[in-house]
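Thanks for coming. I will walk through one structure briefly, starting with its interior and then turning to a few single residues.

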Amino acid sequence: PSLFISLVDSVSGQILHRVSHSHVDSADELSEANNVPVVVSENWVVYTFFNQRTRRTDVGVLTLHEGMIDKNGITAFSAPEQEVTFSSLESAKPIVLSRTFGLPKAVSALGVTSTKAGISSKQFMFATGNDQVISLDRRFLDPRRPNGDLKESEKMEGLMKYAPMLPIIPFLTPSHVHE
């Protein structure tokens, strides 16, 4: 069984990006096992599903970018040329970066933090199968995390080296040991 994720432009009806995942849990349609939590925050889409092959929860991340990828990649220090106006019917499709991470706990719900002025870094919140809440900085989920050694510009930007498993850090578990 496969899971298909499609990003659709709601104005033009175009499919912006489609990704498929195989070995997704295929329990009956009414069961909680088919629950695929999704959260959208700014240009990020984060979703989770249970992978039967690896016997763990996978976290998929999609980020959309408006043509800001060049030969040197997206950086916080480059200022690419951008159009002032945008039209879903005429403008180019956004570039979608995708990455999948593993999480050793089942996830029943997703959320994202927000602050009044939006100046603090975003945290993605995962409600686990054992009724706890895990908080992960969005930098852990960044699909731009490089596989090799970090360059100086990547270090300055705050990127981390890619690791296939997301860490569960006890002091980033807001519910601590409580349900």
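**The nonpolar cores**

The largest nonpolar core has 16 residues, and those with the most contacts inside it are V46, V59, V61, F124, F126, L141 and L166. At least two residues of this core come from each of these strands: β4 (44-51), β5 (56-65), β6, β7 (107-112), β8 (123-128) and β9 (133-137). Another core, of 11 residues, lies apart from it; I5, L7, V24 and V45 are among its members. I should say now that this is a predicted model.

Back to V59, one of the residues with the most contacts inside the largest core. Leaving out residues up to four places away in sequence, V59 touches V46, Y47, T48, R99, T100, F101, L103, F126, L141 and L166.

Next, S98. This residue sits in strand β6, which covers residues 95-103. Is S98 buried or exposed? Neither: its relative accessible area is 36%, so it counts as partly exposed, between the 20% and 50% cut-offs. Again leaving out residues up to four places away in sequence, S98 is in contact with H17, V19, V61, L62 and P143. V61 we have already met in the largest core. S98 and R144 are 46 residues apart along the chain, and their C-alpha atoms are separated by 8.5 Å.

Last, D9, found in the loop between β1 (2-8) and β2 (15-22). D9 has a relative accessible area of 11%, which is under 20%, so it is buried. A polar atom of the D9 side chain lies 2.8 Å from the backbone nitrogen of V11.

Note on methods. Residues are numbered from 1 along each chain as its sequence is written. This is a predicted model: local features need pLDDT of at least 70, side-chain atom pairs count only at pLDDT 80 or more; totals for chains, interfaces and linings use all residues. Side-chain values use heavy atoms; hydrogens and water are left out. Helices (H or I, at least four residues) and strands (E, at least two) are DSSP runs, numbered from the N terminus. Buried means under 20% relative accessible area, exposed over 50%, partly exposed in between (1.4 Å probe, protein chains only). Contact means heavy atoms within 4.5 Å. A nonpolar core is a set of buried Ala, Val, Leu, Ile, Met, Phe, Trp, Tyr and Cys residues joined through side-chain atoms within 4.5 Å. A polar contact is a pair of N or O atoms within 3.5 Å; within protein, one must be able to donate a hydrogen and the other to accept it, and residues adjacent in sequence count only if both atoms are side-chain atoms.
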